[in-house]
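Good morning, colleagues. Thank you for making time for this short presentation. Please take a moment with the sequence and the structure before I begin.

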Amino acid sequence: MSDQVSLDTADLERLFFTIDTSIKVTKRFQFFLWAQGALQSFLPHETMICLVGDLGSMRLRHEVFSRALVAPELDEVIADRINGFVPAIVSRWVANDHAPLSFHEQSVPHDSLRRLMPGHLLCHGMRHGAGQFDSMFIFVRTPTEASGREKYLAELLMPHMHTAVHRVCTNESASRGTTHEPHSLSDREVQVLHWIRDGKTNHEIGQILGISPLTVKNHVQKILRKLDVANRAQAVAKAAAGGLFNGQASARA
């Protein structure tokens, strides 16, 4: 496959940046930012479904990283290891000799996935000899059906995706044993964060919610502290990675 793919100097520079930034990913919101940023330049997608665990026994946990709202029932369908689409995709991948698989939107191998997230699909994974450390990445709603180039890049980047997502899982497991869960956001803070996600300024949010820009600024500072992030973009990414926006529209007063 690599014989058919050429990467120019700009591609190689972006590839190095993508790999280099993956090494710095240790938290869920960082993975979200990386997947929706650097990785998009090579593997464009709307939603990424990550499966981690043992692909053989289907003992898997899953995470959904999306820049769009996803149907609330998607989690239930992913978790269904008997009638859901995960076994169908994994079995196709295994039959394809563990090589990247692409599907045209009409050939996606499960009715529920075609119904909930219509579009082209690319998937690839990595098996680990000991089991339970496998991973599978399902890229949903890719702009076109994946070509040889995208499949080659999926193979090239797979070890880095695999390592990054396992680093996040390991870090979260350790954190659960040593730290308290972050304080939950108040209803008003959630409203403010929704409008931040929509690109509104403090002044615009104040007009929408009927509060002063200074009050909005105070809410933003509290949001950053509670989510333990440095800026508004990281706050939105961390909330999105944690599922805060799933199935919800921007809250209005």
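I shall speak about a sheet, a helix that lies across it, and a pocket. Please bear in mind throughout that this is a predicted model.

Let me begin with the sheet. It is open and has 5 strands, in the order β2-β1-β5-β4-β3, and the pairing is antiparallel. At the edges are β2, residues 59-66, and β3, residues 101-103, each of which pairs on one side only. From one strand to the next, the twist averages 15°. As a general reminder, the strands of a sheet pair through backbone hydrogen bonds, in either a parallel or an antiparallel sense.

Within this sheet, I would draw your attention to one pairing. Strand β1, residues 47-54, runs antiparallel to strand β5, residues 134-142, and the two are joined over 7 bridges. Which residue of β5 is the bridge partner of Val-52? That partner is Ser-135.

Next, the helix. Helix α2, residues 28-36, lies across β1, β2 and β5. With respect to β2, helix α2 runs at about 60°.

Strand β2 also brings us to the second largest pocket, since β2 and α10, residues 232-241, each supply at least two residues of its lining. The volume of this pocket is about 210 Å³. Its lining comprises 12 residues, and those nearest the centre are Ser-66, Arg-67, Ala-68, Ala-240 and Phe-245. How is the lining divided by class? There are 8 nonpolar residues, 2 polar and 2 charged.

That concludes my presentation, and I welcome your questions.

Definitions and conventions: Residues are numbered from 1 along each chain as its sequence is written. This is a predicted model: local features need pLDDT of at least 70, side-chain atom pairs count only at pLDDT 80 or more; totals for chains, interfaces and linings use all residues. Side-chain values use heavy atoms; hydrogens and water are left out. Two strands pair if DSSP finds at least two bridges between them. Helices (H or I, at least four residues) and strands (E, at least two) are DSSP runs, numbered from the N terminus. Axes are lines fitted to C-alpha atoms, for helices over the stretch in contact, and angles run from 0 to 180 degrees between N-to-C directions. Contact means heavy atoms within 4.5 Å. On a 1 Å grid over the protein atoms alone, a cavity is a set of points where a 1.4 Å probe fits but cannot get out, and a pocket is an open set with protein on both sides within 12 Å along at least five of seven lines; lining residues have an atom within 4 Å of a point. Grid points are joined across faces, edges and corners, and a volume is the space filled by probe spheres set on the points. Ala, Val, Leu, Ile, Met, Phe, Trp, Tyr, Cys and Pro count as nonpolar, Asp, Glu, Lys and Arg as charged, and the others, Gly among them, as polar.
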